[in-house]
Amino acid sequence: MRIACPANIRLQDYLLSQKVKVKTPCGCRGNCGRCYIKVIEGELKITSADQLWLSEEKLKQGYRLLCQAFTTEACVIEIDEDRLASI
């Protein structure tokens, strides 16, 4: 699933407002590494949680942890179907 996201928003809040829920087993604390998404267009800053849970290769490919992501510019993300939870 690909979703266009606006600038200056907590990504998880935006997705929830669009009725898209990603599984966050750790309750959005950034300590499980399971809620990753991929940035297709634009950029999301790499956080310390991203660096802890995602390999350097994954980071270069645009993967980020949803629960820690804040947009500073509009972007398009991709979410694997197996990462989605029912709302």
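In this predicted model, buried residues account for 39% of the 87 residues in the protein. A compact globule with 87 residues would have a radius of gyration near 12 Å, and the protein agrees with this at 12 Å. The C-alpha trace extends about 30 × 25 × 20 Å along the principal axes. The exposed surface comes to about 5100 Å², with carbon and sulfur atoms supplying 47% of it.

Turning to the fold, the protein contains 3 helices and 6 strands, arranged from the N terminus as β-α-β-β-α-α-β-β-β. Four of these strands are a good place to start: an open sheet of 4 strands runs in the order β1-β5-β3-β4, with antiparallel pairing. The edges are taken by β1 (2-5) and β4 (63-65), and each has a single partner strand, so one side of each lacks a neighbour in the sheet. From one strand to the next, the twist averages 40°. Within the sheet, β3 (residues 36-41) pairs with β5 (residues 75-78) in the antiparallel sense over 3 bridges; Glu41 has Val76 of β5 as its bridge partner.

The interior comes next. The largest nonpolar core holds 23 residues, and Ile3, Leu11, Leu15, Ile37, Ile77 and Ile79 have the most contacts inside it. Two or more residues are given to this core by each of β1, α1 (11-17), β3, β4 and β5, with α1 providing the largest share, 3 residues. Ile3 illustrates the packing nicely: beyond its neighbours within four places in sequence, Ile3 is in contact with Tyr14, Leu15, Val20, Cys75, Val76, Ile77 and Ile79. Across the protein, 72% of the contacts with a separation of 6 or more join residues 24 or more positions apart.

Conventions
Residues are numbered from 1 along each chain as its sequence is written. This is a predicted model: local features need pLDDT of at least 70, side-chain atom pairs count only at pLDDT 80 or more; totals for chains, interfaces and linings use all residues. Side-chain values use heavy atoms; hydrogens and water are left out. Two strands pair if DSSP finds at least two bridges between them. Axes are lines fitted to C-alpha atoms, for helices over the stretch in contact, and angles run from 0 to 180 degrees between N-to-C directions. A nonpolar core is a set of buried Ala, Val, Leu, Ile, Met, Phe, Trp, Tyr and Cys residues joined through side-chain atoms within 4.5 Å. Buried means under 20% relative accessible area, exposed over 50%, partly exposed in between (1.4 Å probe, protein chains only). Contact means heavy atoms within 4.5 Å. The radius of gyration is taken over C-alpha atoms; the globule rule is 2.2 Å times the number of residues to the power 0.38. Accessible areas come from the Shrake-Rupley method with a 1.4 Å probe; for residues, only the protein chains shown count as cover.
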